[in-house]
Structures are given as structure tokens and as C-alpha cells.
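Reader: Please take a close look at one part of this structure and set it within the whole chain. I would value a connected account of the residue, its element and the surrounding packing.

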Amino acid sequence: DPEQDEATIAKSLLDHVDLTRKSPGGPWVMRMLRAVPQLADVRLSSHRALAEALVERALALDPQKDRASLERRARLAVDLGYAAIELVFDEPELDSEKVMADAARAIRALMA
């Protein structure tokens, strides 16, 4: 939901971190999706689908919003969240709750 507050966005990101940690090879699967050219379309398709869902929800709430702007911001928000999740696996000494709170603040600003 594009109207989620920062705390809800941060919790969603932390839930993704937790799910990835619990999945066999989860962090490595994430890395592979970015590193292996043959898998790029899997990652991009997933990110595009999530961004499109955000756009559709935002337009349902306010049909006057500019679709092109929403699409750009939603794609950036999705990739920002993905990057934050990757970051906590690449730099495990970072406080994942604080990283996700920072990412949520940025995502919220993009979707405002």
C-alpha cells in the first residue's frame, strides 16, 4: 500500500530479511539474481510486478496522480528496499532495524 507509514514499511522489509535468512541459501539466491545475467529477468520481472501493484493501488486512491511519475518512483522504491535487504547481508555488523528504518523513510518519501 503506497500509504503505509514508515514503521509498517520497515517491518515489511525486516520480514523480508527474516524470510531470506530462513530460506536455504537465501542471501546467496539474492546475490545470484543480481550477479548472474541469465537471472536478471527474474529479478526485474518481480520488481516490475511489485512496482505496478503499488502504482495501481496509488491510482485507485487518487486517479489524478501522474502515472509516469508513480511508475518511476515505485520502481525506485522497490529497488531501494531490495538494496537495503542486500546491504544487511553484505554488512552483517550493521543494525538491520536501523537500516530498514532509514530505507523506509526514503521509500515513504518517494511514494508520498
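Author: In this predicted model, Ser 96 counts as buried, because its relative accessibility of 17% falls under the 20% limit for that class. Ser 96 lies in helix H5, which covers residues 96-111. Setting aside neighbours within four places in sequence, Ser 96 is in contact with Leu 14 and Val 88. Leu 14 falls within the span of helix H1 (6-22) and Val 88 within that of helix H4 (67-90).

The next residue in the helix offers a contrast. Glu 97 is also found in H5, yet Glu 97 is exposed, because its relative accessible area of 56% is over the 50% limit. The C-alpha atom of Glu 97 is 7.6 Å from that of Ala 10, although 87 residues separate the two along the chain.

Further along H5, the packing can be followed through the nonpolar core. The largest such core has 27 residues, and Leu 13, Ile 85 and Met 100 are the ones that touch the most other members. Five elements each give two or more residues to this core: H1, helix H2 (26-35), helix H3 (40-61), H4 and H5. H4 gives the most, with nine residues. Leu 13 shows how these parts meet: apart from neighbours within four places in sequence, Leu 13 is in contact with Gly 81, Ile 85, Met 100, Ala 103, Ala 104 and Ile 107. Two of the residues that touch the most other core members, Ile 85 and Met 100, are thus among the contacts of Leu 13.

Leu 80 gives a view from the H4 side. Leu 80 lies in helix H4 and counts as partly exposed, with 26% relative accessibility. Not counting residues up to four places away in sequence, Leu 80 touches Ala 103, Ala 106, Ile 107 and Leu 110. Ala 103 and Ile 107 also appear among the contacts of Leu 13. In another direction, Leu 80 and Val 36 are 20 Å apart, C-alpha to C-alpha, with their positions 44 residues apart in sequence.

H4 also meets helix H3, where His 47 has its place. His 47 is buried, because its relative accessible area of 5% is under the 20% limit. Beyond its neighbours within four places in sequence, His 47 is in contact with Arg 75, Val 78, Asp 79 and Tyr 82.

These local views belong to a chain whose secondary structure comes to five helices and zero strands. The radius of gyration is 14 Å, close to the 13 Å that the globule rule gives for 112 residues, so the chain is as compact as a globular protein of that length. Along the principal axes, the C-alpha atoms fill a box of roughly 45 × 35 × 15 Å. Buried residues make up 34% of the 112 residues. Among contacts with a separation of 6 or more, 68% join residues 24 or more positions apart.

The outer surface completes the picture. The chain exposes about 6,800 Å², with 58% of that area supplied by carbon and sulfur atoms. The chain carries 16 positive and 20 negative charges, and the mean positions of the two sets are 2 Å apart.

How values were computed
Residues are numbered from 1 along each chain as its sequence is written. This is a predicted model: local features need pLDDT of at least 70, side-chain atom pairs count only at pLDDT 80 or more; totals for chains, interfaces and linings use all residues. Side-chain values use heavy atoms; hydrogens and water are left out. Helices (H or I, at least four residues) and strands (E, at least two) are DSSP runs, numbered from the N terminus. The radius of gyration is taken over C-alpha atoms; the globule rule is 2.2 Å times the number of residues to the power 0.38. Buried means under 20% relative accessible area, exposed over 50%, partly exposed in between (1.4 Å probe, protein chains only). Contact means heavy atoms within 4.5 Å. Accessible areas come from the Shrake-Rupley method with a 1.4 Å probe; for residues, only the protein chains shown count as cover. Lys and Arg count as positive and Asp and Glu as negative; His and the chain ends are not counted. The place of a charge is taken as NZ of Lys, CZ of Arg, CG of Asp or CD of Glu. A nonpolar core is a set of buried Ala, Val, Leu, Ile, Met, Phe, Trp, Tyr and Cys residues joined through side-chain atoms within 4.5 Å.
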